[in-house]
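Q: Could you take a close look at one part of this model for me? I'd like the sheet, please, and then whatever you can tell me about the cysteines.

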Amino acid sequence: MTLADYREARRADRLANAHNSKGRLIVSAYRFTAFLHANRARNVAARIAAAIVHAAYRGVVDYTMGVYLPVEARIGKGLCVWHGVGLVVHPDCVIGDSCTLRHGVTIGSRDGSAAAVPVIGAHVVFGANAVVIGRVTLGDHVVVGAGAVVLCDVPAGSLVVGNPAIARPAQARPS
């Protein structure tokens with residue numbers, strides 16, 4: 001990640017969390033730590049600084065706030081985190097731009113394998129306590145309802161509800 005990419009992502013993150021101080025803190029800490037982690041190989045001092053910042057990040061965000069948002073996860077710009085407590089994201093998952101994660105959301109693998117993790121499109125909104133596990137792809141502009149358990153691919157523009165989740169086309173959304 002370049003410095004320009006980092007700055008662009010930070011601007012989008014600030015806008016996405018404009019009225020959400022806890023989310024702004026979580027996403028800012030994630031973004032800064034991920035930037036240092038991605039650029040730590042430059043020299044010994046950079047590796048030491050990245051390790052110290054990563055330890056502080058884990059202490060504050062993971063252990064104190066109860067949000068497991070690993071720096072290895074590839075998360076697009078404009079991430080919004082509401083409440084966050086109980087949020088768990090697998091280190092190998094991919095999350096697109098402008099996504100919203102709420103408390104209790106789990107994005108992970110079924111068997112612990114890095115190859116079997118979700119790929120989340122852009123502009124995806126997760127309701128509280130939603131679960132997406134396994135080798136699943138969610139298209140762009142998907143809404144995952146609160147408490148939904150997603151185990152299969154979801155096309156773009158769908159609303160996903162239930163356990164197991166059932167995708168409904170965008171036209172079926174209530175107005």
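A: The sheet in this predicted model is an open one, built from five strands that run in the order β1-β4-β7-β10-β13. The pairing is parallel. At the edges you'll find β1 (67-68) and β13 (149-150), each with pairing on one side only. For a closer view, try β7 and β10: residues 106-108 pair with residues 131-133 in the parallel sense, over three bridges. Within that pair, Gly 108 sits opposite Ile 133 of β10.

Now for the cysteines. The disulfide count comes to zero. Take Cys 93: its nearest cysteine sulfur belongs to Cys 99, and that one is 9.9 Å away. A disulfide needs the two sulfur atoms within 2.5 Å, so at 9.9 Å the sulfurs of Cys 99 and Cys 93 are too far apart for a bond. Are these side chains buried or exposed, then? Cys 93 is buried, with a relative accessible area of 0%. Cys 99 counts as buried too, at 1% relative accessibility.

While you have the model open, have a look at the surface as well. Val 44, Ile 48 and Ile 52 make a nonpolar patch there of about 300 Å². To find it, go to helix α3, which spans residues 44-64 and holds Val 44.

Note on methods. Residues are numbered from 1 along each chain as its sequence is written. This is a predicted model: local features need pLDDT of at least 70, side-chain atom pairs count only at pLDDT 80 or more; totals for chains, interfaces and linings use all residues. Side-chain values use heavy atoms; hydrogens and water are left out. Two strands pair if DSSP finds at least two bridges between them. Helices (H or I, at least four residues) and strands (E, at least two) are DSSP runs, numbered from the N terminus. Patches are made of residues with over 30% relative accessible area and no salt bridge: like charges are joined within 9 Å, nonpolar side chains (Val, Leu, Ile, Met, Phe, Trp, Tyr) within 5 Å. Accessible areas come from the Shrake-Rupley method with a 1.4 Å probe; for residues, only the protein chains shown count as cover. A salt bridge is a side-chain nitrogen of Lys or Arg within 4 Å of a carboxyl oxygen of Asp or Glu. Buried means under 20% relative accessible area, exposed over 50%, partly exposed in between (1.4 Å probe, protein chains only).
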